Amino acid sequence: MYKIVYDKMALKDIPKLKSTNLDKKTKSLIDILRLNPYQSPPPYEKLVGDLEGAYSRRINIQHRLVYQILEDIKTIKIISMWSHYEF
C-alpha cells in the first residue's frame, strides 16, 4: 500500500474537480494508485521533458491525473489533477 501526498498545485485542483463532478472518478484513480501505481487498466503513460519521471492517467478526455512514484518511501505524489500538463 502506498501513501498519497498532494503537491500544492494538486490541492488547488480539488474544488475544480468537485464543481465539474470529476471528484469521484479522480478518487477511484487515486485508490488504484494507492494499491498498485503500475496497474493497467486504466492505462497510464510515462511523461517526458519537464515532467520526466512522472506518470499520467486520464480522468476524462480533457483532464489528467499527473503523479510521481517515490518507490523508496512507498509514496505517490499527486502533482496535478486538472488540465493537460499546464505547469
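1. The buried residues of helix 1 are covered by several elements, including strand 1 (3–6), helix 2 (23–35) and strand 5. The structure discussed here is a predicted model. The residues in question, within helix 1 (residues 8–19), are Ala10, Asp13 and Leu17. They are on the same side of helix 1, because the arc they cover around the axis is only 50 degrees. Residues three or four places apart in an α-helix point the same way, since there are 3.6 residues a turn.

2. The other face of helix 1 deserves a separate remark. Turned away from the buried side, this face carries the exposed residues Lys8, Lys12, Pro15, Lys18 and Ser19. Helix 1 thus has Ala10, Asp13 and Leu17 as its buried residues, whereas Lys8 and Lys12 are among the exposed residues of the face turned away from them.

3. After helix 1 comes Asn21, with a positive phi. Asn21 is found in the loop between helix 1 and helix 2, and its phi is near 60 degrees, a positive value in a residue other than glycine. Most residues other than glycine have a negative phi. Asn21 counts as exposed because its relative accessibility is 64%, and exposed means over 50%.

4. A second residue with a positive phi is to be noted at Lys74, where the value is about 50 degrees although Lys74 is not a glycine. Lys74 is placed in the loop between strand 4 and strand 5. Its relative accessibility is 38%, so Lys74 counts as partly exposed.

5. The largest nonpolar core has 17 residues, and those touching the most other members are Ile59, Leu65, Tyr67, Ile76, Ile78 and Met81. Two or more residues of this core come from each of helix 1, helix 2, strand 4 (64–70) and strand 5. Apart from this core lies another one, of 5 residues, which include Leu47, Leu51, Val66 and Ile79. In soluble globular proteins, nonpolar side chains tend to be buried together.

6. Ile78 may serve as a point of entry to the largest core. This residue lies in strand 5 (residues 75–80). Is Ile78 buried or exposed? Ile78 is buried, because its relative accessible area is 0% and buried means under 20%. Leaving out residues up to four places away in sequence, Ile78 touches Ile4, Val5, Tyr6, Asp7, Ala10, Ile30, Leu33, Leu65, Val66 and Tyr67. One of these contacts, Ile30, is 48 residues from Ile78 in sequence, with a C-alpha to C-alpha separation of 8.8 Å in space. Another contact of Ile78 is Ala10, which is one of the buried residues of helix 1.

7. The largest pocket holds about 170 Å³ of space. Its lining consists of Tyr6, Ile14, Leu17, Lys18, Asp23, Thr26, Lys27, Ile30, Asp31, Arg34 and Met81. Helix 1 and helix 2 are the elements that give two or more residues to this lining. Which of the elements gives the most to the lining? Helix 2 does, with 6 residues. By type, the lining residues divide into 5 nonpolar, 1 polar and 5 charged.

8. Some lining residues also appear in earlier points. Leu17 lines the largest pocket and is a buried residue of helix 1. Lys18 lines the largest pocket and is carried on the face of helix 1 turned away from the buried side. Met81 belongs to the lining and is among the residues that touch the most other members of the largest nonpolar core.

9. Two cis peptide bonds should be checked by eye. The bond from Ser40 to Pro41 is cis, with omega near 5 degrees, and the bond joining Pro41 and Pro42 is likewise cis, with omega about -5 degrees. Most peptide bonds are trans. Pro41 is found in the loop between helix 2 and strand 2 (45–46), and Pro42 is placed in that loop as well.

10. Finally, two residues of helix 2 may be considered. Ile32 is placed in helix 2 and, leaving aside neighbours within four places in sequence, is in contact with Pro37, Gln39 and Pro42. The C-alpha atoms of Ile32 and Pro42 are separated by 9.0 Å, the two residues being 10 apart along the chain. Lys24 also lies in helix 2. With 68% relative accessibility, Lys24 counts as exposed. Lys24 and Ile59 are 35 residues apart in sequence and 9.9 Å apart in space, C-alpha to C-alpha.

Key. Residues numbered from 1 in each chain as written. Predicted model: local features only at pLDDT ≥ 70, side-chain atom pairs only at ≥ 80, totals over all residues. Heavy atoms only, no water. Helix = DSSP H or I, 4+ residues; strand = E, 2+ residues; numbered from the N terminus. Buried < 20%, exposed > 50% of the residue type's maximum accessible area, 1.4 Å probe, protein only. Contact = heavy atoms within 4.5 Å. Arc of directions from axis to C-beta. Core = buried A, V, L, I, M, F, W, Y, C linked by side-chain atoms within 4.5 Å. 1 Å grid on protein atoms, 1.4 Å probe; cavity = no way out; pocket = protein on both sides within 12 Å on 5 of 7 lines; lining within 4 Å. Points joined across faces, edges and corners; volume = space filled by probe spheres on them. Nonpolar A, V, L, I, M, F, W, Y, C, P; charged D, E, K, R; others polar.
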